[in-house]
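Trainee: I would like to learn how to read a structure feature by feature. Could we go through one together, slowly?

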Amino acid sequence: MTTTEAAPAARGRRAWLREHSELGVCVMLLALGAVVLTDALTMDVAIAQRGPIGPRTVPIAVGCGLLLISVLLAVDVLRGGRGEAEGGEDVDLSEPADWRTVLLLAGVFLATAALIEPVGFPVAGALLFWGAAYALGSRAVHRDPLIAAGLSLATYAVFNNLLGVPLPGGPLMGVL
(Lines give C-alpha, C1' and ligand atoms only; values in the text may rest on other atoms or scores of the structure.)
Protein backbone atom coordinates (compact mmCIF):
# COMPACT_ATOMS: atom_id res chain seq x y z
CA MET A 1 0.00 0.00 0.00
CA THR A 2 1.46 3.35 -0.97
CA THR A 3 1.37 6.56 1.02
CA THR A 4 -1.36 8.02 -1.18
CA GLU A 5 -3.54 4.96 -0.58
CA ALA A 6 -2.87 4.90 3.19
CA ALA A 7 -4.05 8.49 3.78
CA PRO A 8 -7.68 7.88 2.68
CA ALA A 9 -7.74 4.64 4.68
CA ALA A 10 -6.54 6.49 7.81
CA ARG A 11 -9.14 9.22 7.27
CA GLY A 12 -11.78 6.54 6.83
CA ARG A 13 -10.79 4.90 10.13
CA ARG A 14 -10.82 8.23 11.94
CA ALA A 15 -14.24 9.07 10.51
CA TRP A 16 -15.56 5.65 11.56
CA LEU A 17 -14.18 6.12 15.09
CA ARG A 18 -15.65 9.63 15.28
CA GLU A 19 -19.06 8.29 14.27
CA HIS A 20 -18.79 5.51 16.85
CA SER A 21 -17.23 7.50 19.68
CA GLU A 22 -19.66 5.94 22.17
CA LEU A 23 -17.49 2.83 21.96
CA GLY A 24 -15.05 4.67 24.23
CA VAL A 25 -17.71 4.61 26.95
CA CYS A 26 -18.15 0.88 26.30
CA VAL A 27 -14.43 0.30 26.81
CA MET A 28 -14.46 2.38 30.01
CA LEU A 29 -17.45 0.45 31.40
CA LEU A 30 -15.83 -2.85 30.46
CA ALA A 31 -12.59 -1.89 32.22
CA LEU A 32 -14.46 -0.62 35.28
CA GLY A 33 -16.50 -3.84 35.44
CA ALA A 34 -13.33 -5.92 35.21
CA VAL A 35 -11.71 -3.92 38.03
CA VAL A 36 -14.80 -4.23 40.26
CA LEU A 37 -15.06 -7.98 39.62
CA THR A 38 -11.34 -8.51 40.23
CA ASP A 39 -11.52 -6.61 43.51
CA ALA A 40 -14.66 -8.47 44.59
CA LEU A 41 -13.28 -11.90 43.76
CA THR A 42 -9.94 -11.26 45.46
CA MET A 43 -11.55 -9.75 48.57
CA ASP A 44 -10.36 -11.35 51.80
CA VAL A 45 -13.45 -12.60 53.61
CA ALA A 46 -13.18 -14.12 57.05
CA ILE A 47 -14.85 -17.50 57.60
CA ALA A 48 -17.14 -15.99 60.25
CA GLN A 49 -18.53 -13.53 57.70
CA ARG A 50 -19.51 -16.15 55.13
CA GLY A 51 -23.14 -16.78 54.43
CA PRO A 52 -25.59 -16.69 51.58
CA ILE A 53 -25.10 -12.95 51.19
CA GLY A 54 -21.69 -11.67 52.12
CA PRO A 55 -19.55 -8.64 51.39
CA ARG A 56 -18.80 -9.91 47.87
CA THR A 57 -22.41 -10.08 46.69
CA VAL A 58 -23.03 -6.45 45.77
CA PRO A 59 -19.62 -5.82 44.13
CA ILE A 60 -20.02 -8.98 42.03
CA ALA A 61 -23.52 -7.91 40.97
CA VAL A 62 -22.29 -4.40 40.12
CA GLY A 63 -19.29 -5.75 38.18
CA CYS A 64 -21.45 -8.16 36.19
CA GLY A 65 -23.94 -5.37 35.52
CA LEU A 66 -21.17 -3.11 34.23
CA LEU A 67 -19.90 -5.83 31.91
CA LEU A 68 -23.40 -6.55 30.61
CA ILE A 69 -24.17 -2.87 30.04
CA SER A 70 -20.87 -2.36 28.20
CA VAL A 71 -21.61 -5.25 25.82
CA LEU A 72 -25.23 -4.16 25.22
CA LEU A 73 -24.15 -0.58 24.58
CA ALA A 74 -21.44 -1.71 22.15
CA VAL A 75 -23.96 -3.82 20.23
CA ASP A 76 -26.36 -0.86 20.07
CA VAL A 77 -23.65 1.52 18.84
CA LEU A 78 -22.44 -0.94 16.20
CA ARG A 79 -26.03 -1.35 14.98
CA GLY A 80 -26.31 2.40 14.45
CA GLY A 81 -27.60 3.62 17.81
CA ARG A 82 -26.49 7.14 18.70
CA GLY A 83 -26.76 9.21 21.83
CA GLU A 84 -28.75 12.39 21.32
CA ALA A 85 -28.37 15.67 23.14
CA GLU A 86 -31.01 16.32 25.73
CA GLY A 87 -33.76 18.60 24.45
CA GLY A 88 -33.72 20.81 27.54
CA GLU A 89 -29.96 21.28 27.55
CA ASP A 90 -29.13 24.93 28.06
CA VAL A 91 -25.33 24.81 27.88
CA ASP A 92 -23.79 27.27 25.46
CA LEU A 93 -20.71 25.48 24.16
CA SER A 94 -19.36 28.69 22.68
CA GLU A 95 -18.90 30.15 26.18
CA PRO A 96 -15.66 29.41 28.05
CA ALA A 97 -15.64 27.27 31.18
CA ASP A 98 -16.18 28.98 34.54
CA TRP A 99 -12.77 28.17 36.00
CA ARG A 100 -13.31 30.35 39.06
CA THR A 101 -16.17 28.12 40.22
CA VAL A 102 -14.28 24.94 39.39
CA LEU A 103 -11.18 26.10 41.30
CA LEU A 104 -13.24 27.28 44.29
CA LEU A 105 -15.01 23.92 44.50
CA ALA A 106 -11.72 22.03 44.15
CA GLY A 107 -10.22 24.19 46.91
CA VAL A 108 -13.20 23.55 49.19
CA PHE A 109 -12.93 19.78 48.65
CA LEU A 110 -9.16 19.79 49.29
CA ALA A 111 -9.57 21.94 52.40
CA THR A 112 -12.22 19.54 53.71
CA ALA A 113 -9.92 16.57 53.12
CA ALA A 114 -7.10 18.32 54.96
CA LEU A 115 -9.25 19.53 57.87
CA ILE A 116 -11.42 16.49 58.57
CA GLU A 117 -8.91 14.84 60.94
CA PRO A 118 -7.74 17.86 62.97
CA VAL A 119 -11.10 19.64 63.37
CA GLY A 120 -13.52 16.74 62.88
CA PHE A 121 -16.31 16.10 60.42
CA PRO A 122 -18.90 18.52 61.84
CA VAL A 123 -16.63 21.54 61.34
CA ALA A 124 -15.02 20.34 58.10
CA GLY A 125 -18.42 19.32 56.73
CA ALA A 126 -19.92 22.71 57.58
CA LEU A 127 -17.03 24.40 55.75
CA LEU A 128 -17.60 22.03 52.80
CA PHE A 129 -21.33 22.79 52.57
CA TRP A 130 -20.90 26.54 53.05
CA GLY A 131 -17.94 26.72 50.65
CA ALA A 132 -19.79 24.78 47.96
CA ALA A 133 -22.82 27.04 48.30
CA TYR A 134 -20.59 30.13 48.06
CA ALA A 135 -18.67 28.76 45.06
CA LEU A 136 -21.95 28.03 43.28
CA GLY A 137 -23.19 31.58 43.75
CA SER A 138 -25.13 31.81 47.01
CA ARG A 139 -24.42 35.01 48.93
CA ALA A 140 -26.81 34.65 51.88
CA VAL A 141 -24.14 35.33 54.52
CA HIS A 142 -26.45 34.88 57.51
CA ARG A 143 -28.41 31.87 56.31
CA ASP A 144 -25.80 29.71 54.54
CA PRO A 145 -23.47 29.04 57.50
CA LEU A 146 -26.43 28.02 59.68
CA ILE A 147 -27.79 25.66 57.03
CA ALA A 148 -24.28 24.27 56.46
CA ALA A 149 -23.79 23.63 60.19
CA GLY A 150 -27.18 21.93 60.45
CA LEU A 151 -26.51 19.74 57.41
CA SER A 152 -23.08 18.82 58.73
CA LEU A 153 -24.36 17.85 62.17
CA ALA A 154 -27.25 15.88 60.66
CA THR A 155 -24.87 14.06 58.31
CA TYR A 156 -22.52 13.30 61.20
CA ALA A 157 -25.38 11.95 63.32
CA VAL A 158 -26.76 9.76 60.53
CA PHE A 159 -23.40 8.25 59.62
CA ASN A 160 -21.94 7.97 63.10
CA ASN A 161 -25.01 6.99 65.12
CA LEU A 162 -27.49 5.39 62.73
CA LEU A 163 -25.27 3.73 60.13
CA GLY A 164 -22.37 2.92 62.46
CA VAL A 165 -19.77 4.56 60.21
CA PRO A 166 -17.37 6.28 62.60
CA LEU A 167 -16.48 9.81 61.53
CA PRO A 168 -13.90 11.95 63.34
CA GLY A 169 -15.78 14.13 65.77
CA GLY A 170 -13.04 16.62 66.53
CA PRO A 171 -12.80 18.88 69.55
CA LEU A 172 -16.46 19.93 69.43
CA MET A 173 -17.70 16.43 70.25
CA GLY A 174 -16.81 16.91 73.88
CA VAL A 175 -19.08 19.96 73.95
CA LEU A 176 -21.97 18.59 71.88
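Trainee: To begin with a single residue, where is V141 found?

Mentor: Bear in mind from the start that this is a predicted model. V141 is found in the loop between α5 and α6, the latter spanning residues 143-162.

Trainee: Is V141 buried or exposed?

Mentor: The relative accessibility has to be set against a cut-off, and exposed means over 50%. V141 has 59% relative accessibility, so V141 counts as exposed. As for its place in space, V141 and W130 are eleven residues apart in sequence, and their C-alpha atoms are 9.5 Å apart.

Trainee: Let us step back to the whole chain, then. How many helices and strands does the protein chain have?

Mentor: The protein chain has six helices and zero strands, and its pattern, followed along the sequence, reads α-α-α-α-α-α.

Trainee: What share of the contacts in the protein chain with a separation of 6 or more comes from residues 24 or more positions apart?

Mentor: Such residue pairs, 24 or more positions apart, account for 61% of the contacts with a separation of 6 or more. For the surface, the protein chain exposes about 12700 Å², with carbon and sulfur atoms supplying 69% of that area, while buried residues make up 19% of its 176 residues.

Trainee: Before I rely on any detail, where in the protein chain is confidence lowest, and where is it highest?

Mentor: Confidence is lowest in helix α1, residues 3-19, at a mean of 67, and highest in α5, at a mean of 94. For the protein chain as a whole the mean pLDDT is 84, and 83% of the residues reach 70 or more.

Trainee: How many aromatic pairs does a search of the whole structure find?

Mentor: The search finds one aromatic pair. The rings of W130 and Y134 have centres 5.7 Å apart and planes at 25°, so this pair is stacked. In general, a pair of aromatic rings is described by the distance of the centres and the angle of the planes.

Trainee: In which helix do W130 and Y134 lie?

Mentor: Both lie in helix α5, residues 121-135, and they are four residues apart, which is about one turn of the helix. W130 counts as partly exposed because its relative accessibility is 34%, and Y134, with a relative accessible area of 31%, is likewise partly exposed.

Trainee: Which residue lies over the face of Y134?

Mentor: That residue is R139, which lies 3.8 Å from the ring centre of Y134.

Trainee: Now for a residue inside a helix: is T112 buried or exposed?

Mentor: The cut-off for buried is under 20% relative accessible area. T112 has 11% relative accessibility and therefore counts as buried. T112 lies in helix α4, residues 99-119, and, once its neighbours within four places in sequence are left aside, T112 is in contact with A124 and L128.

Trainee: Turning to cysteines, how many disulfides are there?

Mentor: The count comes to zero disulfides. Of the residues C26 and C64, C26 is buried, with a relative accessible area of 6%, whereas C64 counts as partly exposed at 40% relative accessibility.

Trainee: How should I compare sequence separation with distance in space, and how far apart are the C-alpha atoms of V27 and A74?

Mentor: Put the two values side by side: V27 and A74 are 47 residues apart in sequence, yet 8.7 Å apart in space, C-alpha to C-alpha. V27 lies in helix α2, and at 55% relative accessibility V27 counts as exposed. G24, also found in helix α2, can be read against A74 as well, since the C-alpha atoms of G24 and A74 are separated by 9.3 Å with their positions 50 residues apart along the chain. G24 itself is partly exposed, with a relative accessible area of 43%.

Trainee: Can we finish with a proline, and where is P55 found?

Mentor: P55 is found in the loop between α2, residues 23-41, and α3, residues 57-78. P55 counts as partly exposed at 37% relative accessibility, and the C-alpha atoms of P55 and A40, which are 15 residues apart along the chain, are separated by 8.4 Å.

How values were computed
Residues numbered from 1 in each chain as written. Predicted model: local features only at pLDDT ≥ 70, side-chain atom pairs only at ≥ 80, totals over all residues. Heavy atoms only, no water. Helix = DSSP H or I, 4+ residues; strand = E, 2+ residues; numbered from the N terminus. Buried < 20%, exposed > 50% of the residue type's maximum accessible area, 1.4 Å probe, protein only. Contact = heavy atoms within 4.5 Å. Areas by Shrake-Rupley, 256 points an atom, 1.4 Å probe, with all protein chains shown as cover. Phe/Tyr/Trp six-rings, centres within 6.5 Å; stacked < 30°, edge-to-face > 60°. Lys NZ or Arg CZ within 6 Å of the ring centre and 35° of its normal. pLDDT = per-residue confidence, 0-100. Disulfide = S-S within 2.5 Å.
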